[in-house]
Each structure stands twice: as structure tokens, then as C-alpha cells.
Amino acid sequence: MDGAGARVNRLPRRLLIALAVGPTVGLAVFYVWPFVTLVVEAVDATVIADTLGRSSTWEVVWFTAWQAVVSTVMTIAVGMAPAYVLARYDFRGRSVLVGLLTAMFVLPTVVMGAAILALLPDSLDRTVWAVIGAHVVFNLAVVVRVVGSLWEHLPTDMEAAAATLGASRWKVATQISAPLVRPAVTAAATIVFLFTFTSYGVIRILAAPGTRTIEVEVWRRATQLGDIGAAAVLALLQLVVLIAIVSWSTVAQRRHAQAIGLEPTSARRRPQTVGERRFVTLIAGSAVLVAGAPLVALVVRSFSTPTGWSTAAWTGLGRTEIRPGIRVGVDPVEAVVNSLGNALWATSFAVVIGASASLAIVGAGRAGRALDGGLMLPLATSAVTIGFGMLITFDTSPVDWRASWWLVPVGHALIAVPFVVRTCVGVLRSVDPAMGTAAATLGASSIRAWWATLVPYLWRPLAVGAALAAAISLGEFGATSFLSRSGGETMPIAIEQLLGRTGSILQAQGFVLATLLAATTVILVVVVERLRPTEAERAER
Amino acid sequence: MNAPPRDPPGLDIQDVTVTFGVPRAEGTRGRDPSDQQLVLDHVSLSVRSGEVVALLGPSGSGKSTLLRVIAGIIVADSGRVLVHGVDVTQRPTHLRGVGMVFQDNQLFPHMSVLDNVAFGPKMAGIDRSERAEHALTWLRRVGLEGFEHRRVTDLSGGEAKRVALARTLAGEPAVVLLDEPLTGLDRDLHDRLAGELGALLHDADVTTLLVTHDHDEAATIADRTAELTDL
């Protein structure tokens with residue numbers, strides 16, 4: 001009966017097509033076409049043989065792989081203790097620690113690179129250890145969230161049962177808890193590996209000039225050497241590795257998955273004994289230090305000059321001359337203006353396309369799955385690959401759009417749309433369809449019923465999506481480094497350029513911009529968290 | 001003439017008091033002494049060596065909390081727990097010699113039936129072949145011969161209870177705690193298992209404290225009953 005009712009009250013096909021056409025065309029032109037162009041560019045036996053025959057290619061692949069493996073292992077090793085403490089204990093300052101770790105994860109990679117640069121002594125600057133340190137701090141939240149969310153709901157009595165059978169804390173941890181959280185650890189390790197294998201912003205800021213991941217090598221070959229074919233081969237090689245890793249992870253997680261009777265509510269409790277209180281204080285304190293110190297260092301370095309504390313970098317942000325008549329080529333204020341303009345347009349594009357796509361996906365039922373899946377594709381593709389594809393596609397008439405002001409915000413929107421769609425579709429799908437049926441029984445046409453019962457629920461998730469899109473656009477570095485032109489530098493580009501120069505005032509200005517970008521991102525994420533519907537509000541729908 | 005030395009009780013609970021903190025109301029800060037809820041108020045109980053005592057009491061009277069204090073899972077505000085005359089109050093759970101069967105079994109889902117039952121002997125450092133033999137013996141005693149390689153997630157409710165019992169007894173603890181071990185079973189299975197459980201505990205001659213709210217079950221399994229409200 002419900003199905004028949006739903007069919008009768010279904011939205012007119014014309015409206016669904018009108019809603020779907022914008023997102024579909026946008027996806028086809030700005031994602032599928034560039035991706036196909038990239039593949040065509042790479043599928044050339046000579047180019048493939050030449051690229052894969054170079055020892056430098058395999059040096060880059062080797063470095064990319066080992067730094068990703070070491071970063072992943074260290075992130076898991078460092079993250080397990082805070083994941084356990086946050087999952088199992090309630091303590092004062094717990095929410096602050098969760099917020100701090102989340103903030104670190106949402107910060108743009110360039111800001112994270114700048115923060116680690118600000119923290120480390122000169123002897124460690126531009127070393128692979130700085131890179132790995134940044135990766136660990138950046139991805140701690142992944143381990144805490146992914147592993148912690150399972151750990152929080154594991155029955156504590158299972159560990160107690162092991163203890164009553166004579167298992168010490170160590171035996172309980174290694175023989176009971178570890179095997180049970182293993183699927184979550186595998187999932188977290190996969191995510192961290194994917195992020196670090198495709199590391200770009202952190203490497204550009206922190207690594208020595210000759211140290212390159214595949215992403216950085218794609219950028220170097222495409223934009224610095226003009227070797228488009230080799231860059232395309234490397235981009236595809238990276239994609240193949242990523243697909244293999246994700247496939248392995250899916251199989252491994254399925255193999256080790258256990259039917260565990262998870263607790264419906266959190267098993268957190270206050271630490272009981274002196275030993276527990278010391279353990280919680282040590283782990284939580286260390287996590288605050290690891291996550292907070294880079295941010296503090298960032299702010300401190302923006303006020304630091306060789307002659308002492310100074311606000312010169314903040315007050316002189318608009319001056320582009322380092323000496324009378326000598327310009328540095330980077331205008332921080334212009335970068336801020338460019339970033340804000342790009343964010344405004346990228347957010348507008350992402351909101352319009354995302355809202356339209358979400359309504360089409362929810363309205364079309366099963367038929368909407370293709371559009372839903374298609375719009376998620378940019379998430380599975382690195383930003384560098386997206387920017388590179390757009391660069392080599394839109395470079396000939398009549399689609400020579402490289403100088404167009406809107407190409408950068410379109411690239412940002414392409415990356416942001418999946419987040420807008422996921423936020424909106426989740427909410428729209430939870431709206432009780434019976435409300436639409438009720439409106440129809442009161443005489444509303446299917447369009448009016450849809451407008452009155454479904455569309456009002458769109459605005460709040462759309463506001464969340466808009467804030468996310470703005471945060472993504474402001475911090476985007478990978479695609480922008482291919483698409484921005486001279487004079488159109490964004491804040492992340494300017495940060496990378498300023499921190500790459502010698503001169504304390506330029507470095508300090510880089511830290512100022514990074515501080516501003518960090519603060520803006522954190523504010524946007526706080527807005528997102530405030531706007532997100534609560535459990536109670538979701539249950540009401 | 002001196003009186004002959006008396007054996008200490010298998011389990012002696014002396015003056016145990018437990019309070020729980022009540023979660024603070026939304027938007028309030030700081031600690032309020034009135035936020036403390038008294039769960040056990042100076043409770044004492046003695047169980048002779050090899051005796052099976054059933055502890056009865058209404059829901060919320062603190063029966064399960066008392067078992068958790070004895071096992072060292074919960075730290076009491078005050079009081080002492082002695083096992084065969086040895087004060088174990090400050091010992092961690094794994095060094096108390098107290099085994100426990102949980103209401104929902106808490107079998108380890110990543111281990112086979114045999115590995116679950118052999119877990120206690122493994123923690124005691126017994127070598128692989130000996131502990132496997134020991135576990136098989138206990139599986140036979142609870143009527144689960146041939147189940148050793150089954151996944152615990154594939155067991156029926158009654159089978160899972162038997163495995164949980166075999167696992168606890170195979171560790172040869174000095175004291176066994178049973179937290180409503182037969183809850184959730186259908187009547188026939190419940191009555192059959194109650195009879196088997198009573199026989200098994202007496203055969204094993206192990207000091208046992210059984211928590212239940214079922215008087216018939218207590219009468220079938222235990223030598224003696226105690227009401228928590230009387231303690």
C-alpha cells in the first residue's frame with residue numbers, strides 16, 4: 001500500500017530531471033572529461049615505458065610508500081592509548097581534547113605543515129621526520145574516532161571476564177581487546193595510509209626540496225617540467241595502488257570482523273583508582289601536548305623575529321615591499337581576498353549543485369543511486385589529480401578556461417559537493433514520507449506536498465554543507481596549485497611561498513596567514529557542529 | 001586444652017560499602033555530595049569453604065555490585081574481601097583467584113569453544129597440550145563433547161551458558177561467582193541446567209556465591225540462601 005501511495009505521489013519526472021541535470025552536466029564536464037583526458041594522455045606505451053623505466057620514478061614510489069607505512073604505523077601506535085582513554089573514561093577536559101584532535105584533523109594540510117615547521121627546531125626542519133611528525137599529529141583524530149567509536153561500545157564485562165580468568169591488564173589488552181578492535185584498527189590504518197600516501201601539502205611545506213611523493217612529482221612534472229605524459233602515468237599509478245589498498249582493507253576487515261554484542265550506550269566511566277587516574281592524566285595530557293603544541297607554536301612564531309617579539313608581521317601584512325623598490329612577489333592581503341572570493345563562489349556552486357543533487361537523489365529513489373555514486377567519485381580521487389586533469393583539459397580553444405576566474409572555485413566546488421550531498425541526503429532520507437502522503441490527503445499536489453514537507457528540512461543541512469564547503473575551499477591546496485595563476489594566489493599557496501623564502505619577516509607572515517587560516521577553519525567547523533541536528537532532533541523526524 | 005584451629009571461610013566479605021556517583025544534570029558544574037547514591041551499606045557475608053550460597057534480593061539491591069566488588073571489578077569505598085583467609089581487597093582482579101560467570105556469558109567471540117575454556121589454564125601458564133586436555137575434560141563434564149571447534153557465536157543460549165560455566169571452572173578458581181547465570185533461558189532448559197549446575201558445583205567442591213532473584217533456582221543449586229536486605 002505504501003509503495004502504491006508513494007508511486008501515486010511521486011514527483012513529476014520533469015522536475016527530477018531538471019534537478020539532476022545541473023549536477024550531472026557539472027560532473028561530466030569538470031570531473032569525467034578531465035579524468036578521461038588524463039587516462040588518454042597516460043595510455044601510451046612509449047610514455048609508460050619511459051616513465052616506469054626511470055630509476056627516479058621508483059625512488060619517488062619507494063619514498064611515497066615507506067613514509068606512508070612509517071607514518072601509519074606511528075599514528076596507530078601513538079593514537080591507540082588516547083583512543084582507549086577517550087573511549088573508556090570520563091574525565092574533566094575530555095570534550096576539549098576531542099575538540100582539539102578534531103580541529104587538528106580538519107585543519108588544511110598546509111596549516112598543519114606550517115604548525116609543525118613552527119614547532120620543530122631548525123635541525124629537524126625540512127627532514128622526513130618533520131613530515132612523519134606532521135602526518136602523525138594530523139591523523140591522530142582518525143585513530144581516536146574510528147577505533148574509539150568501536151572501543152567505546154565493546155562490553156567492558158568481556159575484559160572483566162578475562163581478568164577473572166587470570167589475565168593481567170597486558171594480557172587483556174593483547175589477547176581480548178586488540179583482536180576485537182582489529183577491524184577498526186585496519187580501517188583506521190587504511191584511511192591514514194591513503195592520506196599519507198597521497199600527501200602533498202605537508203611535503204611541499206616540510207620536506208627538503210628533492211624529497212617528493214607521487215603527488216608532488218605529478219605536480220613537478222606537470223607544472224615545472226611540462227612532462228604531461230609522465231605526470232599522467234604517475235597519477236594513474238597512484239590510483240592503481242590506492243584501489244589495491246582499499247580492496248585489501250575491505251577483505252581484511254571482513255575476514256577479521258566478529259559478531260560482538262556491542263553495548264548500545266557508551267561504557268565510559270570516571271577513573272576509579274589512583275593508578276587509573278594517573279594513567280588517564282598521563283595519556284590525556286600527552287595528547288593535548290602533541291595536538292596543541294603545534295598550534296601554539298604557530299601563533300608564537302607569527303610574533304617572533306630574530307630581534308625579539310614583534311607585531312610587524314601582522315601589521316605589515318599589506319606591504320609587499322621588503323625593501324624600498326624590492327617586492328617579494330607574494331601579497332598576503334591579496335591572497336586573503338582571493339581566498340575569500342574563491343570560498344564565496346565555491347560555496348555558492350557547491351550549495352546550488354549539492355542541494356539540487358540531494359533533492360534529485362532522494363526524489364528518484366533507486367534511480368538516484370547512479371548520481372549519488374557519481375558525485376562521490378571526486379572524494380576517491382586526489383585533489384592533485386583533479387587539478388591536473390582540469391589543467392590539461394581546459395587548455396585549448398574553445399574550452400581554454402585556464403585564465404577564467406571561476407575555474408579555481410569550480411575545482412573547489414567539485415571537491416566540496418560530496419560533503420554537501422552526504423550531509424543533505426542523510427537528513428532528507430530520514431524525513432517520514434507519511435508527511436507527504438498526509439499533505440496529499442489534504443489536497444496538496446505532489447510538488448506542493450514535496451515543497452511543504454521535504455524542502456524545509458533542507459536548509460539546516462545545507463547550512464552545514466555550506467560551512468564545510470567554505471572550509472574546504474579556504475584550505476584547498478592540491479587542485480589550486482595547478483589551477484591558480486600569478487596574482488590569483490590563495491592563502492595556502494601564499495603560505496607555501498612565504499615559508500619557502502628566506503627572511504624572518506616573510507616566514508613570520510607565512511605563520512600569520514597560517515594562523516588566520518587555522519582560526520577561520522576552526523570557526524567554520526564549530527559552526528558546523530552547532531548546526532548539525534542533535535540525536536533528539538533526528539528522532540523527531 | 002586449645003580449641004582445634006578452624007578453617008577460614010572460603011569467602012569472607014566484611015563491612016563493604018559502595019556509593020556510585022549520579023551523573024550530573026545537563027548544564028550544572030562542580031561536585032555535589034548529594035550526587036552520591038549508596039548502593040551497598042556495610043555489607044558482610046561469610047561463605048564456608050566448598051559451600052554454595054545463593055544471594056537473593058530485589059532488583060537494584062546491589063547483588064551484582066557485590067559480586068563485582070568481590071571480583072575486583074568495582075572498588076569499594078570501604079570494607080574487606082578475604083578469600084580463604086587471605087585479604088585480596090587491594091589485589092587486581094586477575095590475582096584474586098575469583099572466577100565469575102556473567103549474566104550474558106561474555107564469551108570471547110574471536111576464539112573457538114575450546115580456546116574459550118582453555119583461556120584460564122593458558123593464563124596460568126599451563127602448556128598447550130595439557131590445557132587442551134583440561135578444557136576437553138570440562139567440556140565433557142558440561143555435556144559439550146564435540147563442540148570444541150565450534151564458534152561461540154553459533155551456540156544456542158543453553159550451550160553458551162555451559163561454555164561460560166566450563167570456562168570459569170576450568171580456571172580452578174578458589175571462589176566462583178555466578179551472576180544470574182540462568183536468566184533468559186526457557187523454563188525447561190532453566191530447570192534442567194539448574195539441576196546440572198548444582199551437581200557440578202558440589203562435585204567441584206568450590207566455594208560459590210550465586211546471585212539470583214529466583215527462589216526455586218536458589219533452592220535447587222545452593223546449600224544456603226541469604227537475602228541482601230538482611231545483610
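Two residues are in contact if their C-beta atoms, placed from the backbone, lie within 7 Å. Keep that in mind for the exercises below, which explore a predicted model.

**Exercise 1. Describe the overall build of chain B.**

Solution. Start with contacts between residues of chain B at least 6 apart in sequence: 71% of them join residues at least 24 apart. Next, look at the secondary structure, where chain B shows seven helices and nine strands. Then turn to the extent of the chain: along the principal axes, its C-alpha atoms fill a box of roughly 65 × 55 × 40 Å. A compact globule of 231 residues would have a radius of gyration near 17 Å, and the 19 Å of chain B agrees with that. Finally, buried residues account for 41% of the 231 residues in chain B.

**Exercise 2. Work out which parts of chain A meet chain B.**

Solution. First, count the participants: chain A brings 21 residues to the contact and chain B brings 21 residues. Second, find the helices on the chain A side. Helix H8 (156-164) and helix H9 (169-197) of chain A each supply at least two residues there. H8(A) gives the most, with six residues. Third, sort the side of chain A that touches chain B by class: twelve residues are nonpolar, six are polar and three are charged.

**Exercise 3. Is H8(A) enclosed or open, and what lies over it?**

Solution. Begin with the cut-off: a residue is buried if 20 or more other C-beta atoms lie within 10 Å of its own. Eight of the nine residues of H8(A) are buried, so this helix is largely enclosed by the rest of the structure. Now name them: Asp157(A), Met158(A), Glu159(A), Ala160(A), Ala161(A), Ala162(A), Ala163(A) and Thr164(A). The cover over these buried residues includes H9 of chain A, along with helix H1 (63-71) and strand E6 (98-101) of chain B. To finish, step just past H8(A), where Gly166(A) has a positive phi of about 100°.

**Exercise 4. Describe two helix crossings in chain A.**

Solution. Take helix H15 (residues 332-364) and helix H18 (residues 407-429) of chain A to begin with. Their axes come within 7 Å and cross at roughly 40°. H15(A) and H18(A) are therefore oblique to each other, and H15(A) passes H18(A) in a right-handed crossing. By class, their contact has 21 nonpolar, four polar and one charged residues.

Now take helix H2 (residues 13-42) and helix H16 (residues 369-376) of chain A, whose axes come within 10 Å and cross at roughly 40°. That angle makes H2(A) oblique to H16(A), and the crossing of these helices is left-handed. From H2(A), the contact uses Ala20(A), Pro23(A), Thr24(A) and Leu27(A), while H16(A) contributes Leu371(A), Gly374(A) and Leu375(A). In the contact of H2(A) with H16(A), five residues are nonpolar, two are polar and none are charged.

**Exercise 5. Compare the surroundings of Ile415(A) and Val525(A).**

Solution. Locate each residue: Ile415(A) belongs to helix H18 of chain A, and Val525(A) to helix H24 (residues 504-531) of chain A. Then check the neighbours. Ile415(A) has 24 other C-beta atoms within 10 Å and is therefore buried. Val525(A) has 19 such atoms within 10 Å and is therefore partly exposed.

Now look beyond neighbours up to four places away in sequence. Ile415(A) touches Pro378(A), Ala383(A), Ile386(A), Ile472(A), Glu476(A) and Ala479(A). Val525(A) is in contact with Ala103(A), Val106(A) and Ala471(A). For C-alpha separations, Ile415(A) and Ala383(A) are 32 residues apart along the chain and 7.5 Å apart in space. Val525(A) and Ala467(A) are 58 residues apart along the chain, with a C-alpha separation of 7.3 Å.

**Exercise 6. Pick out some backbone details worth a look.**

Solution. In chain A, go to the peptide bond between Ser397(A) and Pro398(A): this bond is cis, with omega about 5°. Pro398(A) sits in the loop between helix H17 (383-393) and H18 of chain A.

In chain B, go to Asp15(B), a residue other than glycine with a positive phi near 60°. Asp15(B) lies in strand E1 (residues 11-21) of chain B and counts as partly exposed, with 13 C-beta neighbours inside 10 Å. Then visit Gln106(B), which is not a glycine but has a positive phi of about 55°. Gln106(B) is in the loop between E6 and helix H2 (113-117) of chain B. With 24 C-beta neighbours inside 10 Å, Gln106(B) counts as buried.

Terms used. Residues numbered from 1 in each chain as written. Chains lettered and ligands numbered in written order. Predicted model: local features only at pLDDT ≥ 70, side-chain atom pairs only at ≥ 80, totals over all residues. Helix = DSSP H or I, 4+ residues; strand = E, 2+ residues; numbered from the N terminus. Nonpolar A, V, L, I, M, F, W, Y, C, P; charged D, E, K, R; others polar. Rg over C-alpha atoms; globule rule 2.2 N^0.38 Å. Buried ≥ 20, exposed ≤ 12 C-beta atoms within 10 Å, placed from the backbone. Axes fitted to C-alpha atoms, helices over the stretch in contact; angles between N-to-C directions. Parallel < 35°, antiparallel > 145°, perpendicular 65-115°, else oblique. Left-handed = near helix turned anticlockwise from the far one by under 90°.
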